[in-house]
Amino acid sequence: MNEIDVEKSIENNRLICRSLILKVTEVIYIILLFGSLLFMFTIDSFLKIEIDNIGTLMIPLITIIISTLFIYWYLKNDKLHREKNILTDKNKLIIEKYLFQLTEQREWSFTENSEYLKIMNIPMWQIQIGNYSKLYLIYDHDDLLLNFSSYGLFGLKFPVNYICNRNVEQKLIQKIKTKIKNAP
């Protein structure tokens, strides 16, 4: 069974999970994790703030900024990168061949490999932080939708790798475009 609702994902331009329980668990996890982080580091620091000493504002301010970034990255983590007008029949074969090369060279594997949705599982030792990552590719007529996401504890999304994940997406798109351009 496929974990992503492809039609809703294409419509909303973000990954939509079929399991409501998993999404609710993720939200509770994020609230507990970063809520407790905010509470632990800011409550005591707020009580020690002195008006005439700006240094006492640093810990609460840094904690709030970091927590806000993590929450923002979590909310943006499911966004699909859309590459328009890239899927012609010839280009689709080139992309399929490139994905097959990735699975052989890097020990990645397909957990879903259908005509319109491809999900590749990336092992723990080949990513930055977390337990594993997944590369989602959705074919939408002539457009390619792509998302690279990291997962941590209990298979929940891991927002810390947000910037690195977007970088991997850009590199994959550039590599695909180069393969298409250099194809005979």
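Charges and salt bridges in a predicted model

Reply: In this predicted model, lysine 118 has a relative accessibility of 4% and counts as buried.

Me: Why is lysine 118 called buried?

Reply: Buried means under 20% relative accessible area. Lysine 118 has 4%, so the residue counts as buried.

Me: What makes the contact of lysine 118 and glutamate 96 a salt bridge?

Reply: The rule asks for a side-chain nitrogen of Lys or Arg within 4 Å of a carboxyl oxygen of Asp or Glu. For lysine 118 and glutamate 96 the N to O value is 3.4 Å, so the pair meets the rule. The two residues come from distant parts of the chain, 22 residues apart: lysine 118 from strand S3 (residues 117–122) and glutamate 96 from helix H4.

Me: Why is glutamate 96 called partly exposed?

Reply: Partly exposed lies between under 20% and over 50%. Glutamate 96 has 26% relative accessibility and therefore counts as partly exposed.

Me: How do you know that aspartate 78 and arginine 14 form a salt bridge?

Reply: Their closest N and O atoms are 3.9 Å apart, and the cut-off is within 4 Å. The pair therefore counts as a salt bridge. Aspartate 78 sits in the loop between helix H3 (58–76) and strand S1 (81–83), and arginine 14 in the loop between helix H1 (6–12) and helix H2 (20–47), 64 residues apart.

Me: Is aspartate 78 buried or exposed?

Reply: Aspartate 78 has 4% relative accessibility, against a limit of under 20%, so it counts as buried. Its partner arginine 14, at 30%, counts as partly exposed.

Me: What makes glutamate 83 and lysine 177 a salt bridge?

Reply: The closest N and O atoms of glutamate 83 and lysine 177 are 2.8 Å apart, so the pair satisfies the rule of within 4 Å. Glutamate 83 belongs to strand S1 and lysine 177 to helix H5, so the salt bridge ties together parts 94 residues apart in sequence. Glutamate 83 is buried at 13% relative accessibility, whereas lysine 177 is partly exposed at 35%.

Me: How many salt bridges does this rule give?

Reply: The count is six. Salt bridges with shared partners join Arg82, Asp140 and Asp143 into one network.

Me: Which residues gather in the patch of positive charge on the surface?

Reply: The patch consists of Lys97, Arg106, Lys175 and Lys179. Lys and Arg count as positive, so these residues carry like charges. Helix H4 (89–106) and helix H5 (162–181) each supply at least two residues of the patch.

Notes. Residues are numbered from 1 along each chain as its sequence is written. This is a predicted model: local features need pLDDT of at least 70, side-chain atom pairs count only at pLDDT 80 or more; totals for chains, interfaces and linings use all residues. Side-chain values use heavy atoms; hydrogens and water are left out. Patches are made of residues with over 30% relative accessible area and no salt bridge: like charges are joined within 9 Å, nonpolar side chains (Val, Leu, Ile, Met, Phe, Trp, Tyr) within 5 Å. Accessible areas come from the Shrake-Rupley method with a 1.4 Å probe; for residues, only the protein chains shown count as cover. The place of a charge is taken as NZ of Lys, CZ of Arg, CG of Asp or CD of Glu. Helices (H or I, at least four residues) and strands (E, at least two) are DSSP runs, numbered from the N terminus. Buried means under 20% relative accessible area, exposed over 50%, partly exposed in between (1.4 Å probe, protein chains only).
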